[in-house]
Amino acid sequence: MAGRFVEYLPEAKLKELRDIANAIVSPGKGILAADESVATIGKRFKSINLENTEENRRNYRQLLFSSDPCLAKYISGVILFHDTVYQKTDDGTPLIGLLQDRGIIPGIKVDKGVVPLAGTHGEGTTQGLDGLSERCAQYKRDGCHFAKWRCVLKIQEHTPSYQAMMENANVLARYAVICQQNGIVPIVEPEVLPDGNHDLFVGQRVSEEVLSFVYKALADHHVYLEGTLLKPNMVTAGQSCSQKYTKEQNAVATIQTLQRTVPPAVPGVVFLSGGMSELDATLNLDAINKAKMKKPWALSFSFGRALQASVIQTWQGNSDNTLAAQCELLKLAKANFNVFESSGEEGFANCNKVKDSSYDATDNSSEVSAALDSQSYYSLEVGSAATLFVAALLVLFKVAYPLKPPAFPETFASVDYDVVVGCTEAAWGWLDVHLSNASCKFAEVGLQSIEAKMETSGDGGVSGGTGTATYLRFAEYLPETKLSELRDIANAIVAPGKGILAADESVSTIGKRLDSEHIANTEENRRRYCELLFSADKSISKYISGERSIIPGIKVDKGIKPLAGTRGENTTQGLDDLAERCADYKRRGCHFAKWRCALKITEHTPSCLAMLENANVLARYAVICQQASSIIFEHSQVLPDGKHDLYVAQRVTEEVLAFQYKALADHHVYLEGTLLKLNMVTAGHDCPCTFSLEQNAVATVQTLQRHVPPAVPGITFLSGGMSEVDATKNLNAINQCSMKKPWALTFSFGRALQASVIKIWSGREENVPAAQHELIKLCKANSEAALGAFSGDLQTSAGIQSLFVANHVY
């Protein structure tokens, strides 16, 4: 297994790639894309009646690169065409040297253009892989430190096709890994063209689908994301769309697309201008950076025409106009720099702006923005009561006696709740008697706006446009009111410092726990234990609950079974009739669900088949739950069994998550209404090496950064057989490490919150207060750890005793 994940680049080269990528997207700076081919620059020259000769091309690039050195305040890198790398100024200085002298990083376009993709309806792919490694090695020696490769996809009735998205994603991934092997940072450019009359919604969904293919391919090719940049289109409607959208709507659609598909490990996103006017490109970039949304990447520019249209018009091929043209370039570069200082249109005050769109549907090499629709998302405003929120996933043991389901309302629009607990039917009676008073405040957010939007669109979402196959393919299956409900539940569960008590053990599994303390596994003892957990002192609301009310959830899988065609691997069953069961659970008051898949690290596992199958099962479960208005916990566990080291554990977990989030995208799962329940990344239980808490934390956060989209509200870690103390310390280390973490990182512990409780209880009624005190102490410690504020002082009955169980099942 270790051989499968041999690191193909030394740390020194990884650091070089990181440093280059981060330098390119340093605050406020962007890229000047001057990589036009001979044919494309010829079209630009034609607009000023200038002959397309090598000398004129050299003169123009000399004009750009010899601008005042203050250009480096706004421009971090320049993408060059092959010929430009080897051209010289009038005095014999290499053009590339002008950039280096100004501290601007030279880059290079390495693709060889778009060609037809056989087997498709007029779609294309990009060529240039032959000999790419040798060319990259030479470019690196000649001073180029980053590269660009462009793929294009177009929205039509039957496109982009699966084949086109997969092929272009794989081409981009192959290019990227070749560049990195040669010390060059790859800029990945999957451009969705704006040709067509599709609206913003369709454009957004297509862009999300394209990017989901791209990042799965990058993971498959082991591309080092920290040493890459993404160059996408901003999300706008098609050029022929009759409906007009504001720059704020474009910004929301763009950021949502990135949140759902682009891992936080990517240092930055440098947008292409996509045929927009100079002014529109800058205003749209400004709106993106002003939007108050989760943005764990630098968001900058890699503009070609939007930095050069006025320059060419001012120059007119006349050397007497060189200084004036260079002033135009500086003004435009500064205007785009100023978007990070919220200057908006003011940065254009003295520019010779080209306000007309430079979009050209026939220009296959042009940067043309893709189309997307915007859906307004409304944040949850949690009141003071809600900040004392808990989520306790108590999927209780199945016993059969008459129960009255609690009267929970169908939505959270106007009801107060404080606690989240997942239950089976066995718990309903007790919950109805003891936990019926709600108090956690879910604010009514944006409901009037949502209702107005529903009235406008007629179906609870954005209008579907022309009704072609592409539009129907992305029909919204949930109305905005239901999406809002899913978001609110998910965000409430991972409120700051709150976590989940996981008590979803099956009858046989809880029997093992009870047996360890010589307690008979009877229905009555299981009921007594549930009551012990639920009736703890109300001070537990500071860490797990609020004022006593419980939002019930449900474990809906039916256990792990052998996966045919593998070497002893498994899948999870329970999809049969899941929609009906979820609908029934929702009617009875359950508002979230959990489904567990487990994979094991051995010499030959997890196999591609096992990862694919389990990812698809999780995705199918997720979308079914969301249709029933239940948010979902994707419980994807890589078991700690084995002697593999931390590095192998990290790579396997990353691979599993890459499969998982591609499957969720394929099934159109609404990520904002999901939570991830994952193992912390640690070495195998039998590994002879010892790793520190800090090393585990870095491996865990890196894994999340590379594969979990920022749209996911939170990750609730399982304890994975760790001792109570180790689980808390590892969670604390994760929250303390100073790394990019655009999710809530909290706990969903079972054994690590209950081992000492059961030990103290021992089935005796007189021990209930002491056991409940132990539960509160553990909850408090993990609440602190979820905030990175755990003191390290935790004395419990189970203490540092390992809770590992080989091949653990529920």
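Which helices and strands are included in what covers the buried residues of H23? The legends below take up this point and then turn to the cavities and the largest pocket of this predicted model.

**Figure 1. Helix H23 and its surroundings.** Helix H23 spans residues 724-736 and has 13 residues. From its first C-alpha to its last it reaches 19 Å, close to the 18 Å expected at 1.5 Å a residue. The helix is mostly covered, with ten of its 13 residues buried. Among the buried residues are Glu724, Asn730, Asn732 and Asn735, and Val725, Ala727, Thr728, Leu731, Ala733 and Ile734 are buried as well. The cover over the buried residues of H23 includes three helices, namely H22 (693-707), H24 (751-761) and H25 (768-786). Strand E20 (714-717) and strand E21 (744-749) also belong to this cover.

**Figure 2. The second largest cavity.** Nine cavities of 30 Å³ or more are present in the structure, and the second largest has a volume of about 160 Å³. Its lining consists of 14 residues. Tyr215, Thr261, Tyr661, Lys662 and His707 are the lining residues that lie nearest the centre of this cavity.

**Figure 3. Origin of the lining of the second largest cavity.** Helices H8 (200-220), H9 (247-261), H21 (646-666) and H22 each supply at least two residues of this lining. The largest share, five residues, comes from H21. By class, seven lining residues are nonpolar, three are polar and four are charged. Domain 1 (11-342) and domain 2 (480-787) each contribute at least three residues to the lining of the second largest cavity.

**Figure 4. The largest pocket.** The largest pocket holds about 860 Å³ of space. It is lined by 42 residues, of which Tyr224, Glu226, Gln650, Glu654 and Arg706 are the closest to its centre. The lining of the largest pocket comprises 24 nonpolar, seven polar and eleven charged residues.

**Figure 5. Helices and domains around the largest pocket.** At least two residues of the pocket lining come from each of helix H1 (11-24), H8, helix H20 (608-627), H21 and H22. Helix H21 gives the most to this lining, with eight residues. The largest pocket lies between domain 1 (11-342) and domain 2 (480-787), because both domains give residues to its lining.

How values were computed:
Residues numbered from 1 in each chain as written. Predicted model: local features only at pLDDT ≥ 70, side-chain atom pairs only at ≥ 80, totals over all residues. Heavy atoms only, no water. Helix = DSSP H or I, 4+ residues; strand = E, 2+ residues; numbered from the N terminus. Expected span 1.5 Å × (residues − 1). Buried < 20%, exposed > 50% of the residue type's maximum accessible area, 1.4 Å probe, protein only. Contact = heavy atoms within 4.5 Å. 1 Å grid on protein atoms, 1.4 Å probe; cavity = no way out; pocket = protein on both sides within 12 Å on 5 of 7 lines; lining within 4 Å. Points joined across faces, edges and corners; volume = space filled by probe spheres on them. Nonpolar A, V, L, I, M, F, W, Y, C, P; charged D, E, K, R; others polar. Domains from an automatic or database assignment.
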